[in-house]
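Here is a short report on one protein model. Please look at the sheet and then at the cysteines.

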Amino acid sequence: MKLSQFKFKLPESQVALYPAHRVFENEDGTVERVYSRDQCRLMVVHRKSEQIEMFKKDAEGQDTEEFLTFRNLVDYFDEGDTFVFNDTQVFPARLYGTKEKTDAKIEVFLLRELNEELRLWDVLVEPARKIRIGNKLFFDGDGPMVAEVIDNTTSRGRTLRFLYDCPHDEFKKELFDLGEAPLPRYIVDRRPAEADDMENFQTVYAKHEGAVTAPSTGLHFSRQLLKIMEIRGFNTAYITVHCSLGSFDPIEVEDLTKHKMNSEQMVISAEACRCVNEAKQQGHRICVVGISTARATESAVGTDGMLKEYEGWTNKFIFPPYEFGLANALVTNFYHPESTMMMTTAAFGGYDLVFEAYKRALKNGYMFGCYGDAMLILDD
């Protein structure tokens, strides 16, 4: 397929800057947001019958004027059905420092630690033109955190050595205390990160640190919803995919077969395989939560349709036409035009049907992006 086939006009007003919430005005005139992870809208797409549901039903089975919410997800599954989650944990990757002598403000985006003993980190810097090998960056004013640029990796990429003499755990805590939630550029260009974002931009089941962006579909699952799923007899399997910024890289080729995804580190355990494969063999539905989970499971599914143990990296890029080997249900968000996440969604649900769902979402005010509304695609 071609890049131009995934273009559409997305109004800025439909890009979510905050998760689903209610707004309250206090007596002193200040505004307070109360967040509800599982109260975003949910659109349900049936890929075989090509039906699209947006509204709750009344007692006679007719559409009401009330939109489905994410908590209605459980009504589309049965006991024994299995959900596959990505339990990566986001760390506060975005820092702001100043350049020595000039005091120019520099954004430093931590990507990954290269060497624990030497305090070496792979980072992105902005504005990159001001940062050269040998420059020193100071964080937290006159505080003790200082970094030296020791290498250029890409146009914006640098290798930093942090000059901080202490045990590694203490260093990492101090470093992360300086950081903020690594919200996508389309949010931080319109409002600064806030204290609540470090919690909101993290799934409630996050366990293994390593992601620099959230597996955003998982953000909709609240602890209360997970408990309801447990009571209804749904199974849960957890894999780990450390989400990178690769999904946000612009595609610069018209022919999608020529686009190369950045690699992401992933682990699929024997326990996750057992849970998923037993459910599949018994005829239960396998629902993958999010695009990172879909890419990882498709990287590790065998020709027999069973999930295999895996520890390593994947750069799998899924776009139409593509036949999924494992999942028969997908939960995803509404994403930006020409994004790899939208392309994977279209590969699962079918290009024409997903584009129709996107048209209805735009017409009915659904919100897009990591903090936006959700879509469930079923194989029926």
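The report below covers strand order, helix packing and cysteine sulfurs.

The model is predicted: local features need pLDDT of at least 70, side-chain atom pairs count only at pLDDT 80 or more, and totals for chains, interfaces and linings use all residues. Residues are numbered from 1 along each chain as its sequence is written, and side-chain values use heavy atoms, with hydrogens and water left out.

**The sheet**

Nine strands form an open sheet with mixed pairing, in the order S4-S3-S21-S20-S18-S7-S16-S17-S19. Strands are DSSP runs of E, at least two residues, and helices are runs of H or I, at least four residues, numbered from the N terminus. Two strands pair if DSSP finds at least two bridges between them. S4 (51-53) and S19 (310-314) are the edges; each has a single partner strand, so one side of each lacks a neighbour in the sheet. Neighbouring strands are turned by 20 degrees on average, direction ignored. Axes are lines fitted to C-alpha atoms, for helices over the stretch in contact, and angles run from 0 to 180 degrees between N-to-C directions.

S18 (residues 286-289) and S20 (residues 329-333) run parallel, joined by three bridges. Val-288 has Leu-330 of S20 as its bridge partner. Helix H5 (residues 270-281) packs on the sheet and touches S7, S16, S17 and S18. Contact means heavy atoms within 4.5 Å. The direction of H5 makes about 135 degrees with that of S16.

**Cysteines**

The whole structure has zero disulfides (cysteine sulfur pairs within 2.5 Å). Both sulfurs tabulated here are too far from the closest cysteine sulfur for a bond. Buried means under 20% relative accessible area.

| Cysteine | Closest cysteine sulfur | Relative accessible area |
|---|---|---|
| Cys-40 | Cys-370, 12 Å | 4%, buried |
| Cys-273 | Cys-275, 10 Å | 6%, buried |

Conventions:
Buried means under 20% relative accessible area, exposed over 50%, partly exposed in between (1.4 Å probe, protein chains only).
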